[in-house]
Amino acid sequence: MKNWLLQLAKKKMRNIPFRSKLTYYLVITICLTVLIVVGFSYTVTSRSIKQQAKDMTMLQLQQNTSNLEDYLQNIESTPDSIVTDRSFQEYLSRHDEDSMDFSATVDDVYRSMSNIMGSKRDILYMFLYKAIDNNILYLGPTKAGQDSDYSNVAAYMSKKDISGSPIRVSFRQDPILTKKYTLTIYQPIFDIYRIKRPIGMLGISVTEDVVARFYSHSKRDLPLETFIMNGQGTIVSHTDKSKISSSAGLDEILDKHDGSAEIGGKLVVYKYIEDWDWYVVGTLPISYLLRDNNVMLLAILAIVIFTIILASFISLIFSRHLLRPFNDLIYRMSMVSKGDLTTRINLSDHGYDFEQVSKGFNLMVEQINVLMQRIYDEQRQLKEIEFKALQAQINPHFLYNTLESIHWQALMNGHHEISTMVKALAGFYRISLSRGEAIIPLMNESQHVENYLTIQEMRYKDKMESYIDIPEEFLEVMIPKMTLQPLVENSIYHGLRVKQSKGFIKITAVREGEDLIVKVIDNGIGMVPDQIKSLNRTLEDNDSGVGYGVRNVHRRIKLFYGNPYGLFYESNEYGGVTVNVRLHINREENNI
């Protein structure tokens, strides 16, 4: 399905006019550029806003947390001045009794407790637990403390590892004033004469509302939510009392360090209070932080839409102007396709690129004109060759019959050499006719050149000898008629005839892949490398500097087989020249 849709999209794109494609590409490029810039700007701005909000919130939390820690330390240090007070020691060391001295001691204790509450108005209540007879002195807003359960204090007192350090009890629903959440600090009191013996416990409680004043923010228009969370992730103090004792859902920040994080669409900044195992947390909705940035984003999107419309309009005008030279080029090409090779184009006014295009177009048209003229000339020459070949087929009929008559007359009169030469000549012309066929088996062609060599050997008895060694498997390979004889003739007249010693001509064949290379080898006077190179080049250029017969052979092979078939000259190890005739083994005449 996916590939089908992709193919359909490609087909649709191919059918869209180039002008529309150019417009689309320009608009898409502009839109992508704008969107990338907008996205990058929005990301950078959002990060900057978040970082500023994080820094500001952290700064405020640091200040509030510092105030809170000072307050808690102040509350903790309150009992320090009274744990060794004479009246406290005397009261806690004696059983209750009805005496004036004991009543005065109790009054002194109450007075000291009242002084503490008077100096620290945030204290909700105080009580003094007397271990010797489990009595309580309570001082607070009501007398409810007299009837409350202080068994937890007795439990603290019974611990073996109790020390003189304060015992902190985090926020809880108060056991005395059940409608309030309080923070309680217990201060053990030891006998000053026996320091390991606890004789009482002083308890000081403050309300959660008092503590909340220290960490809550003052700006009510800012949706910053601040609260205290304990080390287990439970809210222990909050301006919204209904959330106390519930989970804050921030377990991932319970690392006992200060920090910040983005959780659930909120920016969470927190400070850790090690002594109480508390986290003072401030949360701020990210959407609130980015509200101005979102407004800016909407404005930018509106600008983007306007830019797309403007870009489309400008791109349409620009594409029309840009494609004007293309339209001119297309028109000129249509004229060439109709056969007008005189047309030319000049696009230099449209810039360097179009100037090069116009030059290339004009050069192409000129080359087409030259190639068409060359094809015309080649066709004319081919007609001439066919005409001459037709003429050459007329005379040999009469000549062949005459030579046969001479052959028999010479044989009857005992002139055997004349008979042999005449018979070879007759065979030469008989194969030359070949019933009008243009391409014949290599076997017939070798017989034809063998007859020619017989005549030449009788003419140049002391000058040459010949060998034809073509493997039988290649004898049925088709070859253009009269291919080898002009090559052998060229070797005799230019290589062997002027040689002082006796020479030879050898004809053989080897296979190269799907091709057959027929080699005409001589040990004549040879040619230097530059002559060989020039000869091969003039063959390809159809230069008249090469003999007509050789050039005719090369062209006929190319006409039959195409490139890279034909003749190729090279020097050989015998000091002469080898002519390589490259043919295709499986090419048959009826396929040409």
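**View 1. Y574 and its aromatic partner F504.** In this predicted model, Y574 is partly exposed, with a relative accessible area of 41%. Its partner F504 is buried, at 15% relative accessible area. The pair F504 and Y574 is edge-to-face, with 5.3 Å centre to centre and 80 degrees between the planes. F504 belongs to strand β14 (residues 503–512) and Y574 to the loop between β16 (566–571) and β17 (577–584), so the contact ties together parts that are 70 residues apart in sequence. The count of aromatic pairs comes to 10.

**View 2. The tilted pair of Y561 and Y565.** The rings of Y561 and Y565 lie 5.7 Å centre to centre, with 50 degrees between the planes, and the pair is tilted. Y561 is buried, with a relative accessible area of 6%. Y565 also counts as buried, at 9% relative accessibility.

**View 3. An aromatic cluster.** Y125, F127, Y138 and Y186 form one aromatic cluster.

**View 4. Salt bridges of R582.** R582 forms a salt bridge with E512, in which the closest N and O atoms are 3.1 Å apart. R582 lies in strand β17 and E512 in strand β14, so this bridge ties together parts that are 70 residues apart in sequence. R582 counts as partly exposed at 24% relative accessibility, and E512 is partly exposed with a relative accessible area of 44%. R582 also forms a salt bridge with D515, the closest N and O atoms being 3.0 Å apart. This pair links distant parts of the chain, with D515 in strand β15 (residues 515–522) and R582 in strand β17, 67 residues apart. D515 counts as buried, at 11% relative accessibility.

**View 5. Further salt bridges.** R86, E90 and R94 are joined into one network by salt bridges that share partners. D191 forms a salt bridge with R197, with 3.5 Å between the closest N and O atoms. D191 is buried at 7% relative accessible area, whereas R197 is partly exposed at 32%. The count of salt bridges comes to 18.

**View 6. A nonpolar surface patch.** F306, L310, F313, I314, I317 and F318 form a nonpolar patch on the surface, with about 630 Å² of accessible area together. Within this patch, I317 is placed in helix α8 (residues 291–322). I317 is partly exposed, with a relative accessible area of 48%.

**View 7. A patch of negative charge.** E69, D70, E274 and D275 gather on the surface in a patch of negative charge. D275 sits in the loop between β9 (266–273) and β10 (278–285). D275 is exposed, at 58% relative accessible area.

Methods. Residues are numbered from 1 along each chain as its sequence is written. This is a predicted model: local features need pLDDT of at least 70, side-chain atom pairs count only at pLDDT 80 or more; totals for chains, interfaces and linings use all residues. Side-chain values use heavy atoms; hydrogens and water are left out. Patches are made of residues with over 30% relative accessible area and no salt bridge: like charges are joined within 9 Å, nonpolar side chains (Val, Leu, Ile, Met, Phe, Trp, Tyr) within 5 Å. Accessible areas come from the Shrake-Rupley method with a 1.4 Å probe; for residues, only the protein chains shown count as cover. A salt bridge is a side-chain nitrogen of Lys or Arg within 4 Å of a carboxyl oxygen of Asp or Glu. Lys and Arg count as positive and Asp and Glu as negative; His and the chain ends are not counted. The place of a charge is taken as NZ of Lys, CZ of Arg, CG of Asp or CD of Glu. Helices (H or I, at least four residues) and strands (E, at least two) are DSSP runs, numbered from the N terminus. Buried means under 20% relative accessible area, exposed over 50%, partly exposed in between (1.4 Å probe, protein chains only). Rings of Phe, Tyr and Trp (its six-membered ring) pair if their centres lie within 6.5 Å; planes under 30 degrees apart count as stacked, over 60 as edge-to-face and the rest as tilted.
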